Amino acid sequence: MGVLAQTHLKFDKTTVDDGLSQGNINWITQDDQGFIWIATNGGLNKYDGSTFQIFLHDDTDSSSISNNIINHIYEDEQGKIWVSTQNAFSIYDKTTESLTNFKIDFNSSFGLSNNPLNSTVQKNFGNSRTVTS
């Protein structure tokens with residue numbers, strides 16, 4: 001007879017009272033450094049276990065995140081964080097702590113469609129793909 005191992009898990013609730021930017025959570029992921037990334041309808045949240053760093057869109061700052069409605073977060077093989085938003089996607093480079101934005105051109109006949117960006121996946125050879133609804 002085998003012995004069944006028991007794992008004790010402890011969950012703590014973290015809310016806007018603790019610094020989360022908004023309570024509607026669309027996606028959660030953990031990166032290779034242990035940070036928790038939380039996609040909300042009120043910005044991107046990076047959580048280190050005690051404090052939040054919040055990334056918000058600012059119309060006057062082209063280096064801010066592309067939109068505050070965050071649908072999906074994905075870390076690629078190079079450790080970059082891909083953030084799918086309502087109207088574009090942003091890539092966060094952890095080494096430079098900077099964002100690069102890629103907007104949707106609604107008038108373009110090629111490229112991204114005008115649907116919200118729901119997820120990003122990485123295929124063979126390191127090519128990333130963005131999925132719209």
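This passage describes the surroundings of K94 and the sheet next to it in sequence, as seen in a predicted model.

The sheet is open and consists of four strands in the order 5-6-7-8, with antiparallel pairing. Strand 5 (70–75) and strand 8 form its edges, each pairing on one side only. From one strand to the next, the twist averages 20°. Strands of a sheet pair through backbone hydrogen bonds, in either a parallel or an antiparallel manner. Here, strands 7 and 8 run antiparallel and are joined by six bridges. Within this pair, Y92 lies opposite L99 of strand 8.

K94 is located in the loop that links strand 7 (88–93) with strand 8 (98–103). The relative accessible area of K94 is 15%; because this value falls under the 20% cut-off, the residue is classed as buried.

Two polar interactions of the K94 side chain were identified in the model. One is a polar contact with the side chain of D32, at 2.6 Å. In the other, the K94 side chain reaches a backbone atom, the oxygen of G79, at 3.3 Å. Both D32 and G79 also appear among the residues in contact with K94 when neighbours within four places in sequence are left aside. The remaining members of that set are D31, Q33, E75 and I81. Of these, E75 belongs to the edge strand 5 (70–75). The loop residue K94 is thus in contact with D31, D32 and Q33, as well as with E75, G79 and I81.

Definitions and conventions
Residues are numbered from 1 along each chain as its sequence is written. This is a predicted model: local features need pLDDT of at least 70, side-chain atom pairs count only at pLDDT 80 or more; totals for chains, interfaces and linings use all residues. Side-chain values use heavy atoms; hydrogens and water are left out. Helices (H or I, at least four residues) and strands (E, at least two) are DSSP runs, numbered from the N terminus. Buried means under 20% relative accessible area, exposed over 50%, partly exposed in between (1.4 Å probe, protein chains only). A polar contact is a pair of N or O atoms within 3.5 Å; within protein, one must be able to donate a hydrogen and the other to accept it, and residues adjacent in sequence count only if both atoms are side-chain atoms. Contact means heavy atoms within 4.5 Å. Two strands pair if DSSP finds at least two bridges between them. Axes are lines fitted to C-alpha atoms, for helices over the stretch in contact, and angles run from 0 to 180 degrees between N-to-C directions.
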